[in-house]
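User: Could you take a close look at one part of this structure and explain how it is built? I would like one connected account, with the terms spelled out as you go.

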Amino acid sequence: MTRTRKLLLIAASIVGAALVTPMPAHAQPPGYSGRITCSSNDGRRNWCNIGAARDVVLVRQISGSACIRDNAWGVDNRGLWVDRGCRADFAFRQPGPPPPPPVQTITCSSNDGRRNWCAIGNSRDVRLVRQISGSPCIQGQTWGLDNRGLWVDRGCRADFAVGRGGYGPPPGPPPPQIITCSSNNGKRNWCDTGGRRNIQLNRQISGSPCIQGQTWGIDNRGLWVDNGCRAEFRVR
């Protein structure tokens, strides 16, 4: 091997190392509050949920396979993707300021499947924040408002955000709801989202992959999961 060829190989190695290690291990860049580990299993492309964030940087490569932006990892309209065996820690930054916390959160429960009322004062600004029960909580069917206050029925148990009574600025968009949807025995299953269509994968629970358009998605029946996918979904 000639001296020139040796020098070229050394230079290529240095450049390759610079591409896959953009910053020291474990360093969290300023302004990036989110952090996630994303893995390409069996060398296949995989997407990881980062919400609405599109500003993503590689923090630490874990795999032996190289993680090079736009080659083995990147960001598209489905979120953060990794490919070709890349596994790494990524930092991401969400756009805009975080939403303000709700004025008050209460838990209201339908015990023994019977209708129950919970006191909310004079407020009529009520939004479901988190379903706790296995029975579905659907506005107008298993929970709602009347002159006695907030009611729940048919086994619904959930956390509700309650605004102040009286006049004030119009309420903002409802907070996201986290639901768990499971494909039991590998079969397709539908989960109720109360008519909401803005759905994102929040956290995969199953060993089987949850990939939008393949093992989970949305149709006219609602949110569906298939082929053993079990995950938490963020519903707006």
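Analyst: **The second largest pocket and its strands**

The lining of the second largest pocket takes at least two residues from each of three strands: β9, β13 (177-182) and β18. Here a strand is a DSSP run of E with at least two residues, a helix is a run of H or I with at least four, and both are numbered from the N terminus. Please keep in mind that this is a predicted model, in which local features need pLDDT of at least 70 and side-chain atom pairs count only at pLDDT 80 or more, while totals for chains, interfaces and linings use all residues. Residues are numbered from 1 along each chain as its sequence is written, and side-chain values use heavy atoms, with hydrogens and water left out.

What is meant by a pocket? It is an open set of points, on a 1 Å grid over the protein atoms alone, where a 1.4 Å probe fits and protein lies on both sides within 12 Å along at least five of seven lines; its lining residues have an atom within 4 Å of a point. By that rule 22 residues line the second largest pocket, and L128, Q131, C137, Q177 and T193 lie nearest its centre. The biggest contribution, five residues, is made by β9. The volume of this pocket is about 420 Å³, counted as the space filled by probe spheres set on the grid points, which are joined across faces, edges and corners.

The lining is mixed in character: 11 residues are nonpolar, six polar and five charged. In that count Ala, Val, Leu, Ile, Met, Phe, Trp, Tyr, Cys and Pro are nonpolar, Asp, Glu, Lys and Arg are charged, and the others, Gly among them, are polar.

Two of these strands also take part in salt bridges, so let's follow them outwards. A salt bridge here is a side-chain nitrogen of Lys or Arg within 4 Å of a carboxyl oxygen of Asp or Glu. R130 and D159 form one, with N and O 3.1 Å apart. R130 belongs to β9 (residues 126-131) and D159 to β12 (residues 157-162), so this pair ties together parts 29 residues apart in sequence. With a relative accessible area of 42%, R130 is partly exposed, whereas D159 is buried at 11%. These words have fixed limits: buried is under 20% relative accessible area, exposed is over 50%, and partly exposed is in between, using a 1.4 Å probe and protein chains only.

At β18, E232 pairs with R203 in another salt bridge, the closest N and O atoms lying 3.1 Å apart. As E232 sits in β18 (residues 230-235) and R203 in β15 (residues 199-204), the pair ties together parts that are 29 residues apart in sequence. E232 is buried at 18% relative accessibility, while R203, at 43%, is partly exposed. Beyond its neighbours within four places in sequence, E232 is in contact (heavy atoms within 4.5 Å) with I178, I179, T180, L201, N202, R203 and I205.

For the wider setting, the chain has one helix and 18 strands, and 36% of its 236 residues are buried. The structure holds 11 salt bridges in total. One of them joins R60 and D89, at 3.0 Å from N to O. R60 lies in β3 (residues 55-61) and D89 in β6 (residues 87-93), so this pair too ties together parts 29 residues apart in sequence. R60, D89 and R35 are linked in a salt-bridge network.

Strands β3 and β6 lead us to the largest nonpolar core, with 15 residues, in which V56, W73, L80 and F90 have the most contacts. β3, β5 (79-82) and β6 each supply at least two of its residues, and β6 gives the largest share, three. Apart from that core lies another, of 14 residues, including C108, L128, L150 and C156. A nonpolar core is a set of buried Ala, Val, Leu, Ile, Met, Phe, Trp, Tyr and Cys residues joined through side-chain atoms within 4.5 Å. L128 brings us back to the start, as it belongs to this 14-residue core and is one of the residues nearest the centre of the second largest pocket.
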